[in-house]
Amino acid sequence: MRVGVHINRFDHPAGAPALGAELAAAGAAAEAAGVSWLSVMDHYFQMEFNGGAEDPMLEAYTTLGFLAAHTETVQLGALVTGVTYRHPGLLAKIATTLDVLSGGRATLGIGAAWYDREHEGLGVPFPPLAERFERLEEALRICLQMWDPATNGPFEGAHYRLAETLCVPAPVSSPHPEIMIGGSGEKKTLRLVARHGDACNLFASSPQEVTNKLDVLRRHCDTEGRNYDEIRKTVLYMGESATEGDVDGFARDITGYTKLGIDTVILAPRTGAPAEWIERFTAPAVQRLAELD
């Protein structure tokens, strides 16, 4: 089981002028610690449980481009992009650019979106949930068509219509950037993972609940004719042990997940100065996970 870091706060004690240096330091610390994944949130406003809309929030793909220039090995992605945030053709182009400039290290993390306040605040349409899932599936199909040079041509969907699906230069990743679908909804989200996803992201709520979700995913894979083992399984760990820097507590919490086929456990520091936290907590957590395996 590998370790990822999800940067989700930008309230650095020294304010906005310190964020560039802090993010560069966090990228260096993550690679030194043996972290395999580095992600940021994709939101317009900070989430309510994480400080609220008045707290700082950076645009995700600009931030990922900055991190690409300050790292060499970690996989980079948003956890996750709401399908409503950008037109799918533009999103595919953005993810491709990140992939090209990072040397093939981009993941397209995507989900159905949920944060209504940020949509209303910035005037972005926020359709009902059922329509957002329809848009999510169309967006996935558009990205896959844009990433296949043999299928350039029109796309006609219920919500999106593209006259061309040109994407030049093509991604560096082969056959295309990894698609990670975030969420654990059993009827729609996990079905989309089975149909279109290369990776899934679940909350590390409990080993039993994650087991149940993976069983649902396996059944969807059987229905879709998909090899379940091809899908990379990741979990987002939000336990107090990470917040408190308790490596022993983290190891106890995560032990139940080690036999579930989880590829990566992603840690989310609740701090706007993550570099020191990565050095202090994540580096020893990487070593402890290696021992558990």
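Buried residues, meaning those under 20% relative accessible area with a 1.4 Å probe and protein chains only as cover, account for 55% of the 293 residues in the protein chain. On the same scale, exposed stands for over 50%, and partly exposed for the range in between. The structure is a predicted model, in which local features need pLDDT of at least 70 and side-chain atom pairs count only at pLDDT 80 or more, while totals for chains, interfaces and linings use all residues. Residues are numbered from 1 along each chain as its sequence is written, and side-chain values use heavy atoms, with hydrogens and water left out.

The overall form may be considered next. The protein chain contains 10 helices and 11 strands; these are DSSP runs numbered from the N terminus, with helices (H or I) of at least four residues and strands (E) of at least two. The C-alpha trace spans about 50 × 45 × 35 Å along its principal axes. Its radius of gyration is 19 Å, which agrees with the value near 19 Å expected for a compact globule of 293 residues; the radius is taken over C-alpha atoms, and the globule rule is 2.2 Å times the number of residues to the power 0.38. Contacts (heavy atoms within 4.5 Å) often link distant parts of the sequence: of those between residues at least 6 apart, 73% join residues at least 24 apart.

At the surface, the protein chain exposes about 12,400 Å², of which carbon and sulfur atoms supply 53%; accessible areas come from the Shrake-Rupley method with a 1.4 Å probe. The chain carries 25 positive and 39 negative side chains, and the centres of the two sets lie 5 Å apart. Here Lys and Arg count as positive and Asp and Glu as negative, without His or the chain ends, and each charge is placed at NZ of Lys, CZ of Arg, CG of Asp or CD of Glu.

In soluble globular proteins, nonpolar side chains tend to be buried together. A nonpolar core is a set of buried Ala, Val, Leu, Ile, Met, Phe, Trp, Tyr and Cys residues joined through side-chain atoms within 4.5 Å. The largest such core has 82 residues, and Leu217, Phe250 and Val265 touch the most other members. Leaving aside residues up to four places away in sequence, Leu217 touches Leu190, Val193, Ala194, Cys200, Tyr228, Ile231 and Lys233. A second, separate core of 7 residues includes Trp37, Ala199, Leu236 and Ile266.

Leu140 lies in helix α5 (residues 129-146) and counts as buried because its relative accessible area is 0%. Beyond residues up to four places away in sequence, Leu140 touches Ile110, Ile179, Ile181 and His196. By contrast, Gly103, in the loop between α3 (88-101) and β5 (106-111), counts as exposed because its relative accessibility is 54%. Gly103 and Glu131 are 28 residues apart in sequence, with their C-alpha atoms 35 Å apart in space.

Some backbone features remain. Most residues other than glycine have a negative phi, and most peptide bonds are trans. Ala113 has a positive phi, near 75 degrees; this residue is found in the loop between β5 and α4 (116-122) and is buried at 12% relative accessible area. The loop between β7 (161-162) and β8 (178-182) holds Pro169 and also Pro175. A cis peptide bond joins Val168 and Pro169, with omega about 5 degrees, and the bond from Ser174 to Pro175 is cis with omega near 0 degrees.
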